[in-house]
Amino acid sequence: MRQVTRAWDRRPAGAFDGAVYRLVRRIPRGKVATYGQLATLLGYPRAARAVGGAMQRCPHDIPWQRVVNARGGISLRANVSGMITQRILLEQEGIPVRRGRVRLGRHRWDGPGEVIRLENVSSQRTIGDTT
């Protein structure tokens, strides 16, 4: 099977997606991050759409509902039920959604404290684990 690579990143597509998923797993309950914020934390500040693409393909164990757009909004989807599900899951975590948006000033995750370059995420332990 042929591996897909992106023009902006010559690594296999799975490497970027895996790095996104590891980072999203670190977003604490009650906090959200934007697509652009995650891209910046991975060292690719202009790759917000690539983060969105990775989130479209994410496994079921990823807290996908904690990723919102730059305005704190739930991004439009072809499947409207996914938007409703995201709202319900966020509200269950104590994050109010008003007019389709989250107050980023109150609920934005500050991040892990450092930029996590893709080349530094070859294993789960390299992303800020203290063990």
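In this predicted model, the structure holds one aromatic pair. The partners are Phe16 and Tyr44, whose ring centres sit 6.1 Å apart with the planes at 75°, so the pair is edge-to-face; the cut-off for that label is an angle over 60 degrees. Phe16 belongs to helix α1 (residues 13-25) and Tyr44 to the loop between α2 (35-41) and α3, so the pair ties together parts that are 28 residues apart in sequence. As for solvent, Phe16 is buried, with a relative accessible area of 0%. Tyr44 comes out at 18%, and because buried means under 20%, Tyr44 also gets that label.

Stepping back to the fold, the protein is built from five helices and four strands. Going along the sequence, these elements run β-β-α-β-α-α-β-α-α. The protein has 131 residues, and 45% of them count as buried. What share of the contacts between residues at least 6 apart in sequence joins residues at least 24 apart? That share is 66%. On the outside, the accessible surface of the protein adds up to about 8,100 Å², and carbon and sulfur atoms account for 50% of that surface.

Two residues that touch each other, Leu38 and Trp109, give a good view of the interior. Leu38 is part of helix α2 and counts as buried, with 0% relative accessibility. Leaving aside residues up to four places away in sequence, Leu38 touches Leu23, Val24, Ile27, Ala33, Val51, Val67 and Trp109. Leu38 is also 8.5 Å from Gly111, C-alpha to C-alpha, although their positions lie 73 residues apart in sequence as a separation.

Trp109, for its part, lies in the segment after α5 (104-107). Is Trp109 buried or exposed? At 8% relative accessibility, Trp109 counts as buried. With residues up to four places away in sequence again set aside, the list of residues touched by Trp109 reads Leu23, Arg26, Ile27, Pro28, Lys31, Val32, Ala33, Gln37, Leu38 and Leu41. Leu23, Ile27 and Ala33 turn up among the contacts of Leu38 and among those of Trp109. Trp109 can be placed against Arg66 as well: the two are 43 residues apart in sequence, and their C-alpha atoms are 9.4 Å apart in space.

Next comes the largest pocket, which encloses about 370 Å³ of space. Its lining is made up of 14 residues, and those nearest the pocket centre are Tyr35, Met55, Gln56, Trp64 and Arg77. Which helices each supply at least two residues of this lining? They are α3 (48-56) and α4 (80-92), and α3 gives the most, with three residues. By residue type, the lining of the largest pocket splits into seven nonpolar, six polar and one charged. Arg77 is among the lining residues, and because Arg counts as charged, Arg77 is the one charged residue of that lining.

Ser75 touches Tyr35, one of the residues nearest the centre of the largest pocket. Ser75 itself is found in the loop between β4 (67-68) and α4. Its relative accessible area is 19%, and Ser75 is classed as buried; the reason is that the limit for this class is under 20%. Besides Tyr35, Ser75 touches Asn69 and Met83, not counting residues up to four places away in sequence.

Two loop residues show the other side of the accessibility scale. Arg99 is found in the loop between α4 and α5 and is exposed, with a relative accessible area of 87%. The backbone of Arg99 deserves a look too: phi is near 55°, a positive value in a residue other than glycine. Asp61 sits in the loop between α3 and β4. With a relative accessible area of 52%, Asp61 is exposed, because exposed means over 50%. Asp61 and Arg25 are 36 residues apart along the chain, and 8.7 Å separates their C-alpha atoms.

Definitions and conventions: Residues numbered from 1 in each chain as written. Predicted model: local features only at pLDDT ≥ 70, side-chain atom pairs only at ≥ 80, totals over all residues. Heavy atoms only, no water. Buried < 20%, exposed > 50% of the residue type's maximum accessible area, 1.4 Å probe, protein only. Contact = heavy atoms within 4.5 Å. Areas by Shrake-Rupley, 256 points an atom, 1.4 Å probe, with all protein chains shown as cover. 1 Å grid on protein atoms, 1.4 Å probe; cavity = no way out; pocket = protein on both sides within 12 Å on 5 of 7 lines; lining within 4 Å. Points joined across faces, edges and corners; volume = space filled by probe spheres on them. Phe/Tyr/Trp six-rings, centres within 6.5 Å; stacked < 30°, edge-to-face > 60°.
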